[in-house]
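Reader: I would like to learn how structural words get their meaning. Could you take me through one structure, term by term?

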Amino acid sequence: MNADAAIAARRSSWQQKLARRTARAETVRTLAVEGCLRRVVGLTLEAEGCEAALGARCLVDTVDGAQLDTEVVGFADERLLLMPVGDMHGVLPNARVRPCAHTRGLPVGHALLGRVVGADGAPLDGLGALDSDEHAALKSEPINPMGRKPIDAPLDVGVRAINALLTVGRGQRLGLFAGSGVGKSTLLGMMTRYTNADVVVVGLIGERGREVKEFVEHTLGEEGRRRAVIVAAPADAPPLKRLRGAQYATAIAEWFRDRGMRVLLLMDSLTRYAQAQREIALAIGEPPATKGYPPSVFAMMPALVERAGNDEDGRGSITAFYTVLTEGDDYRHDPIADAARAILDGHIVLSRDLAEAGHYPAIDIEASISRVMPAVVAREHLRAAQRFRQVYSAYRQQRDLIAVGAYQKGSDPQVDLAIDMWPQLRAFLQQEVDEPMTLEMAITKLDALAEQVPG
C-alpha cells in the first residue's frame, strides 16, 4: 500500500469515528436541572431551582413513589408556576421537580376510529391499547388565511331545518347556543350519524361523566361510532386536562383533514373550554376582565376555532360545531356567547320554549343564521328560504293575539297566510331522531311550501 492510500485509509477511519461520536453526542440527553416544590395554593404549584419553558412538562414526586404530571403555565421571579394534569393527592413540601424533554405528542391516525380516548390519548373504552405509530402536537401552526380554499360547497347534515334554512358550507364553523335540557346532545347525535362526512371527531369537554357513556352507546350508536373518534375530558378532570381535551380533538381532526378527508368536528362545549382556561388564569394571578373571565380566555378561543376550516389544497376540510352554554337561556348577555358569535361563521339557537312545547329539534329559526349560506346554495333555494322565514315570522309576531282570539282575520294578508300554513311550517321544522333528511329532499319540501307564498 503506497503512502497516499494509507493516508486515505486513515482519513476514512477518522471520519467514521467522528461520525459515530457525533451521533452518540446527539443522542445523549442534556442535563436537566432539578428543583423542589416550595408552595401549593389551590391548583397552582410553585417550583424553585429549575428552569423550563412555558408549556413544558415537569414531573413532581409524591409520597407514594409516583410522579405527578404537570405543565408550566407561568413563572414569577425565580419560581415556575405549574398546573397539575392529574390529582394532586400525595404532594409533599420540598418534593423533587424534574423538567422533562419534549414529548412526541399524542396518538393520531386511523387506529382511533371507533375509539373513546382521554385528553392524554389513553383509551377509555376498555378495548385495549391504541395501535397507532403516528403522533401529533396539541397545537399546530395556523393556515395562511390567504391560502385557505373558500367555502363554496354545501354539507348535508341530515337535519331538515338546518339543510333547508341554515345550510352549512363545507369548512364552516358554527355555534350551537343552548341551555341545559333542550335537546343539544340529541341534535349532535343526529348530525354525527347523518352528516355526509368521512370522519366525525367528537370532543366531550367538561360534561358529566354519565353523559359520556350515554352519548357513545345511545346517542351515537354503533353506526355512528364506526367512523367517529370520541375525546372525553369530563367535568371532574383538572382544568388543564379539559383544555388539552379540546386541543387534542382538534389535532385529530386536523390529521384527517391533512389527508384529504371531510371531517365533522363536534365540540361540546366551547364554554367548558373557556371555563377551564379561566380557572388556570385566575389561579396564576391573571386579573379578571368580563364577568370573571380573564383576557387570555378571549385570546385562546379564536386560536382554537381558527384551526378548523378548509385546507390550502381544497381537498380536506373540517366543518365544526361548537356548543355554547347560555346562562339563563340568555345568549345575548353572556360574554362567551358574545365572543363566540363574533368569531364563528353563524349560530344555531335552541329554544327552551320550543323544547317545552315538544318541538324537536328545538331550533329557533328567527334567532339563527348561517353566514355562508348565500355562497353555497342556488338563488332559488335562498329565495325559498326567505319566503319561509317571512311567513314564519309573521305568525310569531302575532302569536299572542292569535292565541287569545284577538286577531281579526283580514287585517293582514301575510298573517292570514301564516295562520293557514302554520301546521305545515311546524311540521317542516320538526323531525324524528331516526328520520334522516338529505339536503335534496329538504330543498324539495321547502320549494313546495314556498310555492304557496306569493312572490
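Reader: Which residues point one way from β17, and which the other way?

Author: S317, T319, F321, T323 and L325 point one way. I318, A320, Y322 and V324 point the other way. All of them are buried. A word on the source: this is a predicted model, where local features need pLDDT of at least 70, side-chain atom pairs count only at pLDDT 80 or more, and totals for chains, interfaces and linings use all residues. Residues are numbered from 1 along each chain as its sequence is written, and side-chain values use heavy atoms, with hydrogens and water left out.

Reader: What makes a residue "buried"?

Author: Buried means under 20% relative accessible area, exposed means over 50%, and partly exposed lies in between (1.4 Å probe, protein chains only). In β17, 9 of the 9 residues are buried, so the strand is largely enclosed by the rest of the structure. Of the 455 residues of the protein, 51% count as buried.

Reader: Why is T70 called buried?

Author: Its relative accessibility is 0%. The limit is under 20%, so T70 counts as buried.

Reader: Why is A52 called partly exposed?

Author: The relative accessible area of A52 is 22%. That value falls between the 20% and 50% limits, so A52 is partly exposed. A52 lies in the loop between β2 and β3 (57-61).

Reader: What makes something a strand or a helix?

Author: Both are DSSP runs, numbered from the N terminus: helices are H or I with at least four residues, strands are E with at least two. The protein has 14 helices and 19 strands. One of the strands is β16, residues 309-310. Two residues meet the minimum of at least two, so β16 counts as a strand.

Reader: How do you know that β16 and β17 pair?

Author: Two strands pair if DSSP finds at least two bridges between them. β16 and β17 are joined by 2 bridges and run antiparallel. That meets the limit, so they pair. N310 stands opposite S317 in β17. Their hairpin has 6 residues between the strands, and G314 takes a positive phi near 80° there.

Reader: Which strands run parallel to β17?

Author: β12 pairs with β17 in the parallel sense over 6 bridges. Here A178 has L325 as its bridge partner. Strand β15 (residues 262-268) is also joined to β17 by 6 bridges, and runs parallel. There the partner of V263 is I318.

Reader: What is the order of strands in the closed barrel?

Author: The barrel has 6 strands and runs β1-β2-β5-β4-β3-β6, with antiparallel pairing. The twist averages 45° from one strand to the next (axes are lines fitted to C-alpha atoms, for helices over the stretch in contact, and angles run from 0 to 180 degrees between N-to-C directions). Within this barrel, β2 (residues 44-48) and β5 (residues 79-84) share 4 bridges. E46 stands opposite L81 in β5.

Reader: What does T70 touch?

Author: T70 lies in strand β4 (residues 67-76). Contact means heavy atoms within 4.5 Å. Not counting residues up to four places away in sequence, T70 touches A56, R57, C58, V60, L82, M83, P84 and V85.

Reader: What makes the reach from T70 to C58 a polar contact?

Author: A polar contact is a pair of N or O atoms within 3.5 Å; within protein, one must be able to donate a hydrogen and the other to accept it, and residues adjacent in sequence count only if both atoms are side-chain atoms. The side chain of T70 reaches the backbone oxygen of C58 at 2.8 Å. That is within 3.5 Å, so the distance fits.

Reader: Why is there no disulfide at C36?

Author: A disulfide is a covalent bond between the sulfur atoms of two cysteines. Here it is counted as a pair of cysteine sulfur atoms within 2.5 Å. The closest cysteine sulfur to that of C36 is in C50, 8.1 Å away, so it is too far for a bond. C50 is in no disulfide either; the nearest cysteine sulfur, that of C58, is 5.5 Å away. The structure holds 0 disulfides.

Reader: How do you know that α8 is mostly covered?

Author: Helix α8 (residues 335-343) has 7 of its 9 residues buried. Among them are P335, I336 and R341. The buried residues pack against β12, α6, α7, β17 and β18.
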